[in-house]
Structure formats: C-alpha cells, structure tokens
Amino acid sequence: FFSLNLRSHTWSTMTSPQLEWTLQTLLEQLNEDELKSFKSLLRALPLEDVLQKAPWSEVEEADGKKLAEILIHTSSENWIRSATVTVLEEMNLTELCKMAKSEMAGQVQEIDNPQLGDAEEDSELAKPGEKEGRRNSVQKQSLVWKNTFWQGDIDSFHDDVIQRNQRFIPFLNPRTPRKLTPYTVVLHGPAGVGKTTLAKKCMLDWTDCNLSPTVRYAFYLSCKELSRMGPCSFAELISKDWPELQDDIPSILAQAQRSLFVVDGLDELKVPPGALIQYTCGDWEQQKPVPVLLGSLLKRKMLAKATLLVTTRPRALRDLQLLVQQPIYIRVEGFLEEDRRAYFLRHFGDEDQAMRAFELMRSNAALFQLGSAPAVCWIVCTTLKLQMEKGEDPAPPCLTSTGLFLRFLCSQFPQGAQLRGALRALSLLAAQGLWAQMSVLHGEDLESAGVQESDLRLFLDRNILRQDGVAKGCYSFIHLSFQQFLTALFYALEKEEEEDRDGHAWDIGDVQKLLSEEERLKNPDLIQVGHFLFGLANEKRVKELEATFGCQMSPEIKQELLRCKASLHADKPLSMTDLKEVLCCLYESQEEELAKVVVAPLKKISINLTNTSEMMHCSFSLKHCRDLEKVSLQIAKGVFLENYVDFEADIEFERWAQQDLRSLRLWTDFCALFSSNSNLKFLEVKQSFLSDSSVRILCDHITRSTCHLQKVEIKNVTPDTAYRDFCLAFIGKRTLTHLTLEGHIEWERTMLLLLCDLLRNHKCNLQYLRENCRLTEASCKDLAAVLVVSQQLTHLCLAKNPIGDTGVKFLCEGLSYPECKLQALVLQQCSITKRGCRYLSEALQEACSLTNLDLSLNQIARGLWILCQALENPNCNLKHLRLWSCSLMPFYCQHLGSALISNQKLETLDLGQNHLWKSGIIQLFRVLRQRTGSLKTLRLKTYETNLEIKKLLEEVKEKNPKLTIDCNASGATAPACCDFFC
C-alpha cells in the first residue's frame, strides 16, 4: 500500500526543490517544437535580472529538465509561477495550463482525467493531518523501491532506463487521450531488466502529491509472496502489510477508481492450469484462495474501476491474454546497447579497458543478451576488471557464459577457501528454487533443505545473494541466470550419501529429467541449466572449482550427458532447434572429445544461423562430423553487414567494420567444413542474406581440391552478385553433378553466359541443372546451343521462368540435334500455350533423347491433341509425362486414350487438377479397358461416386493389373518439380 496526500494549497510553503520538480514535470510533457515555442514566448516576457544576464544559448539548448533547473537558479518563485501559466495559456495547451494553475497558483482544481475515476468521487481533498499520517507509508514504499537495485549498480542508469519506459505508462501521462474504461497495463520482459523497479516507481508517481490533486492509493501484490498464502479475503490480502489501515480498507476499496494495484511477477504465481480463469469472486470480504482473488481482480469481477499494472516474464503472456480486458502491453528491455556501453565506461573509468571488455561481452551473443539486465552487466564488469588488474587475458572467460560466471564465483574467494559445504548449500537452494519456479527463498525453504543462514553469509557479503530489505528472512539470487548456473553446479558436484537419500524430498529431477523436452516445456528456465551443466563438464573448470572451494566434481556427469544426448539420435532425426541446442551445449563445454562423440552419428543437418555465436557453435563441433553428407544452410539478415548497412559517421563505420570483420573470421572457420570433409556431398544455401566477402570465402573453399561437393542448391540469396561468384567457382569443378540456382537476378543474361561457360568446360560433369532466375525467351537461344555440346547434362529444369512459346522453340532446336543428351525437361509454369506444344511435339517425333517432360501449370488446353500426335509416333521416347493443372479439355480424352493404347514406351501420365468432367473420364476409361500399352501409372481427378465411372474403373483395373490409377490427384498444390526432375 502507498497513499498520496494533497499538496499544500499555497506556494508560500513550497521549497525550491519542490518547485523544480513540478516545473520539470510540466516541461517534460512538451515535445521538441512545443519546447521551442515555450522558450520563444518566455523570452518575450519581462525577464528578471539574473535570467537576463544568463547566456540565452544555454536556454535554447536545454531540454525540459535542464530548463527547469536554469529557471529555478535564475528567477524568483513568484515569477516562475506567473510566467509558466502565462506561456502555457498563450500556447493553448489547456490541460497543462490547468495543471499549472492548480499546482502553481494555489487553486486546488480537479484535473479532468476520466481514467482516474469520476470527478465527483475524486474531488475529496486530504483531511487535516492526513499528509503527516501517510508519511511513514510513503517512506516505507520509497525504501522498497530503492532496495530494488543491486549493490554496485549506478543510479543514473536506472533513472534513464525507468524514464525511457515510464513515458509509455498511459495513466501517468496527463497528455494521454481520454479513456472511459480503467487501464490495464502489462509490463513484460526477461528476468532482471527492471519490470519490478518500473512498477514500484509508477506506484510512487501514482501517489505523488505533485502529480495528482486527490488522495490516491497504490497496492503492491507480489505473486512470489502470495503463492505461499492460504485462503483469505481480498481486504485481508491488501492490508496484511499495513495493519494500521485496517479500518480504512472498506472506504478505500469503495472508491476503486483511486487505486492502483500492481500485480508483480504473475509468471511466478503457482496455480493449476486454468485456475485463474475458472473461478471468480466479486466480494472483497469473502474468503477465497489467493489465485481466485487475483484472477477476479484481473478479470475485473472485483474492483472494476481500479487501475491495474501487471509485470510478467513472456512465458505467462498467453494465459494473461485470457484474463485481462483491453490490455496495453509494454515491453521492458532493460539496458539497450548504448546503455551497456555507457555502463562499462562508467564502471572501468579507462575507456580502452571498458571498450575491450564491452566488445568481449558482445562477441558472445548469449552473454550480450543477458547484459540487458543490469546485474549481469555488473557481473561481467566486475570479473573482467579483476582479470585486467591481475594482468590476465580477459578474453577466455567470455568465450562462454559458464566460463564467465565460474570466474566471477571463484574470484570472490581465495583459493583453498574450503567452502565445500557452503557452496553445496547454495547450489541446493538454487536447484530447489528453480525446479519450484521460485526466485525468492524463505526461511522455511532453508529449513527444509537443512541450510543455516550462517552458510549464506559469505555469499550475501559478495552480492551473490541478496537479503530482502523489507521481508525479513527472504533471499534472492543476483540474477536468474546465476541461479541457473548454481543449479547446474548442484548436478556437477559429487553427491554425498545423505543427499542421494533425500534428493526426492526436495523435488529436484535427475539429469535425464533436467534435459528432457517435457520438463523444459513446463519449465523453460531449465534449458539454460542444461547449457551450464555441459559447461561444467570441462576439465579445466572442474580443477578451478576444486582448487577454490575444495569440493569434488561428479566423475559420472559427463557420461550422463552423453547418454542423454545420444538418445536424441536414437529417437528421431535432429530438428533444426534440437541441433542448435546440442551444438550450443557442446560449445559451452569447450570439450573437443565430448563433441566428437555426440556429433559422430550426424549425416544430414539443417542450420539457421542468426548470429555469430551460432557460427562459433557450429565450427566447434561440426568439424568432427566425419560422416556428414548434407548441409542445409540459412543465414539471417544481420549476421553479415557489408551489403546491408550505410553509415555516415566515421565512428559508426569503424564499429560496423570491426563487427563484420569478426563475423567473417568466424565464417571462414565455419566454411572450412566444406573443404575438409571428404564425405560432404550436398550443400543447400537458401533464404540467406550473404555479403560479397562472405560469398567469396565460401567459394574459395568450394574451389579447393579437397572439397568433394556433388550437389549444390543456391536458392533466394542476396546479394544477387552471389550467383555470379558461385557460377565462377563451379567452372571446372569435376565433382559437381547437380546444380540448382533460384532467385531474382537483375542481370540474368550475364549469369546465363556464365552457366554456359560452366557447361562448355571440358571438366564439367554437370548432369542436373535447375535454373529459376527469371530467364526470358532470349536466354533459351544460348541455352539451346549448350545442349548440343554438353555431353553430360541429362536433366534440365526451367520451372517458373517466363520463357513462353518462343523460348520452347529455341530449346526444341537444340533437342533436335543427335548430339543432345538431355533426357528430362521440366517446364512447369513457363507461360506455354498450344503453340509451344507444337514445337515439342515435332521434336519428340524426331526421335530426340527426351524421356521425361513436365508441362504442369501451363494453359495448353488444346495442346493436348498436338501432344497426342507425338505419343502415337513410334519415334517418341517419352516415358513420363506430367500435365498437372493444364486446363485440358474433356473432348480430347478419347484421342488421348487412343494414343495411350498405341504408345509402347510411356509409363507415367499425370493429369491431376484437370477438370475432365464425367464425359471425358468415361471416354478415357472406355478406351483403356481394352488395353493400355506400356502405361503403369495414371493420375487424374475422377468421380468415384458415379456408378458408370466406378464400373469402368474396375474393368480397367481388371484388364490391366499392372496399371496403378490414382483417382485423388486433385490437390491444390502442384507436385514438386524436383520429384519428377531427379
């Protein structure tokens, strides 16, 4: 609970600090243009002597906060009050002017703000002595807020972060548009980024006498505390920490529009699924379980006019959406990159050291992401600064989060400290809390685990643990990530007999349960524990822990990890997510032998690289995949910056260049996989944002004689110059037999010429070529010439290229040469009509080498009749013909049937997604029931419910037992051309 009292009605008692705060609050509501106008109008007024002599340039450059400071130090309070009201009136800022008059002219007026409740209900002023009576509550809540930060943090950074987020809180901003219904605001974000701090600051401002003319109340409901409470009434719930207000609670709750309820840490409320939604209660005097009371408050079944502020981690957002009405979601991000950089500069003092430490943290994406929490920044700074002071290299600890946290922990104690029991107690509490999804430990938790408060004193003194300044006997860890690290340490430490006996009493799962997918879905915090556990399997780290604390690490832990990860291979092929998880864990371990064993069975992998850390993970382990045969690669935007970022400032360019150079170094290590593994035959690069430099590095490894790639697919990559570089790299590559190029290229003519050079090269063994780079009909002329001279190319796919009938004509000219060896031609969706079918029919009747033809998704219609002429010709060598969704006409079905009877070579015919109607199908089946020649597979859309068709179908199958008829070939999606192509 926190109450606000009405301010003094006259300014004769207001001190300069109070006036400065009020003036600053008013001026900070102005946008940039409004602030300029305010200064201009201010200068037109008769200025007091000191302000007249002050450099006006300082006023021009000042923001709202600075301007308030200048005015306070250069002008009298009476002049400031008068000038502020006058200027705001001149600017027609009605609401701010009303507030200024109320605040600065001693006129107590109600500010019209509907979201705070009805004006009549809100107009009650503080009673005599009420301000003094509430002062203890104000001071107590202020202490709670100040106690939120960790020792070693820098208050100015917190203020900046809080103010940046607080401006989005609508019920604290007088310029927010009016809203008839009360606000529900949800602050969400990862652990430790300041959600609770921001919420408590909002409580202070909600009840601040400088921001509201009426008495208002704020109540703080901590879910981590409420989870331990039994049934009670809502009145008892909010008054348990404020017994002196017991008598006032009914009157306070009766005016709910004046109250702010902060529900902090909703994700930590331990309730059965659906409990918050299923049961509700509208009576705040009725005894109910705490989850029912909170659910009723959030669903506004109780105190419907109250303002609600909820904080939660993202995992509870889905359930919260089912509870709250019209919520406003605000993501709290904690320290942004510039905040972290400034924090490092302040902590180190020396710019070179600070920036080196900052870049080391940024080089580890996982660690850098954790750095949005101030506590983690403090851990990193503390650890690396100590490394530098000792003259040691700060880089090794930053390779992994485990290495950094371990170095921090060990650096807090002298070697040989013999703190085995204390460390074991701490790790036990961490594991117990994490499995119970608790971040706060109470006295009874310590008692149940057999831990004495004296065991924790050393960790409290070193800020690894924190004792709650308000709730006595409660402890929390410096950050969730460090609790996860200590939980991993619990598993890594060698267990004593009594621990093995009592382990189940603590409800802590074993290693197999810890790493299971089922448990991780229920408790996502366990994922990072698994990473840390692999990190603690490192021999060097084990020795460091043993030397510092005198403890023994479990010799079986590495074998347990191997067994758990081996089960991944046994159950099913690794998904992309599972593979990332495995590679991350192996990198965290920094154990080459462990990596060799785990990745040895891998033969096919799919990787989506989203940051440089994932590149490091892949490079570390995949070099040991000696049986790896296929790599499918996808690279997100932002991994390489060279072709995607324009910087004007030199400092930005330098920062970008350093970051990109590091990415390229890691990429070089990763690409070594393609030139060092003799079994790797298949590379697919798709939907990737590459750069000129990264493409050249990859091509350099592809051209090496130690690269044995046989099949390469490049699909939708940028920049488009990458296709040119790949084609140049493939020229003379003897091992390459399959090549796929797909994407939008502005200079398709140039790339086609490169492809032609590739095919003409005497070393070229390319047999399969799939090209979808927007080729035109003119391109086909060059390609047809290559078909004549290429002795190896047997499969050509030009699907989705708008080559049209003219392009088909050029291709058929090449097919007519006896030197042409092409066997399969895919022309799916190439804008071909019956005219193009005529060219193809003529080529097929000239005994060309073509045996597979795909014309799907071309509106050939009557072209079917022309193709039938080719099928009837004994010179036609076609074995497989696909005409899926070609707008075929039913009245050509009889002719088609006759062609099928006479043809002795065609084995597969696909007529799917063509509306042949009943008449067309009956005609076709009547012919086929006689005989089908060589046909083995027929696909078409039919009408099995029609009795005549059904009877004919049975007769056809009886006459041709070797013929398979697929009558369900009516899917809305075209068959993949690669199925037919290869």
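**Exercise 1. Determine how many disulfides the structure holds, and whether cysteine 202 and cysteine 764 are buried or exposed.**

Solution. The structure, a predicted model, holds zero disulfides. For the burial step, the cut-off is a relative accessible area under 20%. Cysteine 202 has 0% relative accessibility and therefore counts as buried. Cysteine 764, at 10%, is also buried.

**Exercise 2. Find how many cavities of 30 Å³ or more the whole structure contains, and state which residues line the largest cavity.**

Solution. The search returns one cavity of 30 Å³ or more. The largest cavity encloses about 30 Å³ of space. Its lining consists of Phe730, Gly732, Lys733, Leu736, Leu758, Cys764, Asn765 and Leu766. Cys764 thus appears twice in these exercises: as a lining residue of that cavity and as a buried cysteine.

**Exercise 3. Give the strand order of the open sheet that contains β7, and explain why β7 and β8 each have one side without a neighbour.**

Solution. Start with the order, which is β7-β9-β8, with antiparallel pairing. β7 (440-441) and β8 (465-467) are the edge strands; each has a single partner strand, so one side of each lacks a neighbour in the sheet. Next, take the pairing of β7 with β9 (residues 475-477), which is antiparallel and runs over two bridges. In one of the bridges, leucine 441 is partnered by tyrosine 475 of β9. Last, look at what packs on the sheet: helix α25 (residues 453-461) touches β8 and β9, and its direction makes about 110 degrees with that of β8. As background, strands of a sheet pair through backbone hydrogen bonds.

**Exercise 4. State how many residues of helix α37 are buried, then list the buried residues of helix α40 and what covers them.**

Solution. Helix α37 spans residues 692-702 and is mostly covered, with eight of its 11 residues buried. These are Ser693, Ser694, Val695, Ile697, Leu698, Cys699, His701 and Ile702. In helix α40 (residues 777-789), the buried set is Ser779, Cys780, Asp782, Leu783, Ala784, Val786, Leu787 and Val788. The cover over the buried residues of α40 includes α39 (748-760), β16 (795-797) and α41 (804-815). When reading such lists, recall that an α-helix has 3.6 residues a turn, so residues three or four places apart point the same way.

**Exercise 5. Locate the cis peptide bond between threonine 718 and proline 719, and say where arginine 774 and lysine 800 lie.**

Solution. The cis bond joins threonine 718 to proline 719, with omega about -5 degrees. Proline 719 sits in the loop between β13 (711-718) and α38 (721-730). Arginine 774 is not a glycine, yet its phi is positive, at about 60 degrees. This arginine 774 belongs to the loop between β15 (768-772) and α40, and its 43% relative accessibility makes it partly exposed. Lysine 800 also has a positive phi, near 70 degrees. Its loop runs between β16 and α41, and lysine 800 is partly exposed at a relative accessible area of 45%.

**Exercise 6. State how many helices and strands the protein chain has, and what share of its residues is buried.**

Solution. The protein chain has 47 helices and 22 strands. Of its 982 residues, 55% are buried. For contacts with a separation of 6 or more, 80% join residues 24 or more positions apart.

Definitions and conventions. Residues are numbered from 1 along each chain as its sequence is written. This is a predicted model: local features need pLDDT of at least 70, side-chain atom pairs count only at pLDDT 80 or more; totals for chains, interfaces and linings use all residues. Side-chain values use heavy atoms; hydrogens and water are left out. Two strands pair if DSSP finds at least two bridges between them. Helices (H or I, at least four residues) and strands (E, at least two) are DSSP runs, numbered from the N terminus. Contact means heavy atoms within 4.5 Å. Axes are lines fitted to C-alpha atoms, for helices over the stretch in contact, and angles run from 0 to 180 degrees between N-to-C directions. A disulfide is a pair of cysteine sulfur atoms within 2.5 Å. Buried means under 20% relative accessible area, exposed over 50%, partly exposed in between (1.4 Å probe, protein chains only). On a 1 Å grid over the protein atoms alone, a cavity is a set of points where a 1.4 Å probe fits but cannot get out, and a pocket is an open set with protein on both sides within 12 Å along at least five of seven lines; lining residues have an atom within 4 Å of a point. Grid points are joined across faces, edges and corners, and a volume is the space filled by probe spheres set on the points.
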